[in-house]
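Biologist: I should like to learn how to read the features of a model such as this one. May we go through them in turn?

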Amino acid sequence: MQTTAERPEFTPPPEGGWSRSVGLAVLAHLVLVLALSWGLKWKHDDESVAVEAELWASTPQQAAPKPVEAPPAPPPPQPAPPPPAPAPAPAQRDAEIALQQEKERQEQEKAKQEAEAERQRQAAADKRKREEEARRKEEARKQEQEREQERQLAEKRKREAEEKRKEEQQAKARAKQEEQRREKIREEQMARIQGLAGATGPREATGTAIRSAGPSSGYAGRIRARVKPNIVFTDDIPGNPTAVVEVRLAPDGTIVGKRIVKSSGVRTWDDAVLRALDRTEVLPRDVDGRVVTPMELVFRPKD
């Protein structure tokens, strides 16, 4: 903004009045508002209009004399607004817009590349993680398989050792049994050789033992003859019932035990047989001096 005035060179400047100062202040504010409005709007208009204000007066004017009272202090002068920036040409604006768009496109492309690189890094990290997990699982599986093989091998060795120990024990047992059998055969042969002179069998006997295993043929008759006189039984019973008594003897023939093995069905006959054995007390020994124990004796009332 420029202010021009024509006045004589050596004339003192007129003193400004209060109304003039207020008018200048209002005009300066209006110009400032217009300049700000135009500055905000210049980017949207194809053509901008420059505004220039000029204050001038055709003839110099003399101020009125001051009143007697002191005038109020004039307000401080308002700073002049900055001159508006020149509007860029349309080609320059298009270039700036294109440059801004290119810059935004490059930034977007860079962001995409960074996102893709981050995705690839994450995928590679996930792949390495999966491979590491698979490797650990495979190692754990191999270790478990090795432990299982070692356990099976240990169990196999244990079974083999146990089977070998059992086979050795069985072999020792068989060897011991065989040795005992042979020893028994030797003892029997020696006893047979040493005792042939004291054999008790008849001349027509064909055995090789010193004594016969069973009683002689007349031994049962001798026992019957010893017990029968001691039987006291006067009851008249039908039939001929049989009572079988088991008798146990001491080496000298003394009766040490007796019991009914098979009852005759007649209680009085069974009791009479047991009382007869109590009276007998001692049974005779066989011809070779032995007694057979235990033995079973058969008793019938009509025999």
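**Reading the features in turn**

Modeller: Let us begin with a single residue, Thr 280, which is found in helix α4. Please keep in mind throughout that the model is predicted.

Biologist: Is Thr 280 buried or exposed?

Modeller: A residue is called buried when its relative accessible area is under 20%. Thr 280 has 11%, so Thr 280 counts as buried.

Biologist: With which residues is Thr 280 in contact, apart from its neighbours within four places in sequence?

Modeller: Those residues are Arg 226, Val 227 and Asn 230. With Asn 230 there is a polar contact of 2.8 Å between the two side chains. The side chain of Thr 280 also has a polar atom 2.8 Å from the backbone oxygen of Ala 276.

Biologist: Val 227 belongs to helix α3, residues 219-227. Which residues of α3 are buried?

Modeller: A general idea is useful here. An α-helix has 3.6 residues a turn, so residues three or four places apart point the same way. In α3 the buried residues are Tyr 219, Ile 223 and Val 227. Because the arc they cover around the axis is only 65 degrees, they lie on the same side of α3.

Biologist: What covers the buried residues of α3?

Modeller: The cover includes helix α4 (267-280) together with the strands β3 (243-249) and β5 (295-299).

Biologist: How should I read the sheet, and in what order do its strands lie?

Modeller: One reads a sheet by strand order, by the sense of pairing and by its edges. Here three strands form an open sheet in the order β4-β3-β5, with antiparallel pairing. The edge strands are β4 (255-262) and β5, each of which pairs on one side only. From one strand to the next, the twist averages 30 degrees.

Biologist: How many bridges join β3 to β4, and how are the two strands connected?

Modeller: Six bridges join this antiparallel pair. Val 244 stands opposite Lys 262 in β4. The two strands form a hairpin with five residues between them, and in the turn Gly 253 has a positive phi of about 95 degrees.

Biologist: On the side of β5, which residues are the bridge partners of Ala 243, Val 245 and Val 247?

Modeller: The antiparallel pairing of β3 with β5 extends over five bridges. Ala 243 has Phe 299 as its partner, Val 245 has Leu 297, and Val 247 has Met 295.

Biologist: Which residues form the covered face of β5, and which the uncovered one?

Modeller: To read the faces of a strand, one lists the residues on each side. In β5 the covered face consists of Met 295, Leu 297 and Phe 299, whereas Glu 296 and Val 298 form the uncovered face. The partners named a moment ago, Phe 299, Leu 297 and Met 295, thus reappear on the covered face.

Biologist: Why is β3 described as largely enclosed by the rest of the structure?

Modeller: The description follows from a count: six of the seven residues of β3 are buried, so the strand is largely enclosed.

Biologist: Which backbone features deserve attention in the loop between α4 and β5?

Modeller: One looks for cis peptide bonds and for positive phi values. Pro 294 lies in this loop, and a cis peptide bond with omega of about -5 degrees joins Thr 293 to Pro 294. Glu 281 is in the loop between α4 and β5 as well. Glu 281 has a positive phi of about 65 degrees although it is not a glycine. With a relative accessibility of 52%, Glu 281 counts as exposed.

Biologist: Where is Asp 236, and is Asp 236 buried or exposed?

Modeller: Asp 236 lies in the loop between α3 and β3 and is exposed, with a relative accessible area of 76%. Its C-alpha atom is separated by 9.7 Å from that of Pro 301, which is 65 residues away along the chain.

Biologist: Finally, how many helices and strands does the protein chain have, and what share of the chain is buried?

Modeller: There are four helices and five strands, which run β-α-β-α-α-β-β-α-β from the N terminus. Of the 303 residues, 11% are buried. The chain exposes about 25,100 Å², and carbon and sulfur atoms supply 54% of that area. Among contacts between residues at least 6 apart in sequence, 72% join residues at least 24 apart.

Notes
Residues are numbered from 1 along each chain as its sequence is written. This is a predicted model: local features need pLDDT of at least 70, side-chain atom pairs count only at pLDDT 80 or more; totals for chains, interfaces and linings use all residues. Side-chain values use heavy atoms; hydrogens and water are left out. Buried means under 20% relative accessible area, exposed over 50%, partly exposed in between (1.4 Å probe, protein chains only). The arc is that of the directions from the helix axis to the C-beta atoms. Contact means heavy atoms within 4.5 Å. Accessible areas come from the Shrake-Rupley method with a 1.4 Å probe; for residues, only the protein chains shown count as cover. Two strands pair if DSSP finds at least two bridges between them. Axes are lines fitted to C-alpha atoms, for helices over the stretch in contact, and angles run from 0 to 180 degrees between N-to-C directions. A polar contact is a pair of N or O atoms within 3.5 Å; within protein, one must be able to donate a hydrogen and the other to accept it, and residues adjacent in sequence count only if both atoms are side-chain atoms.
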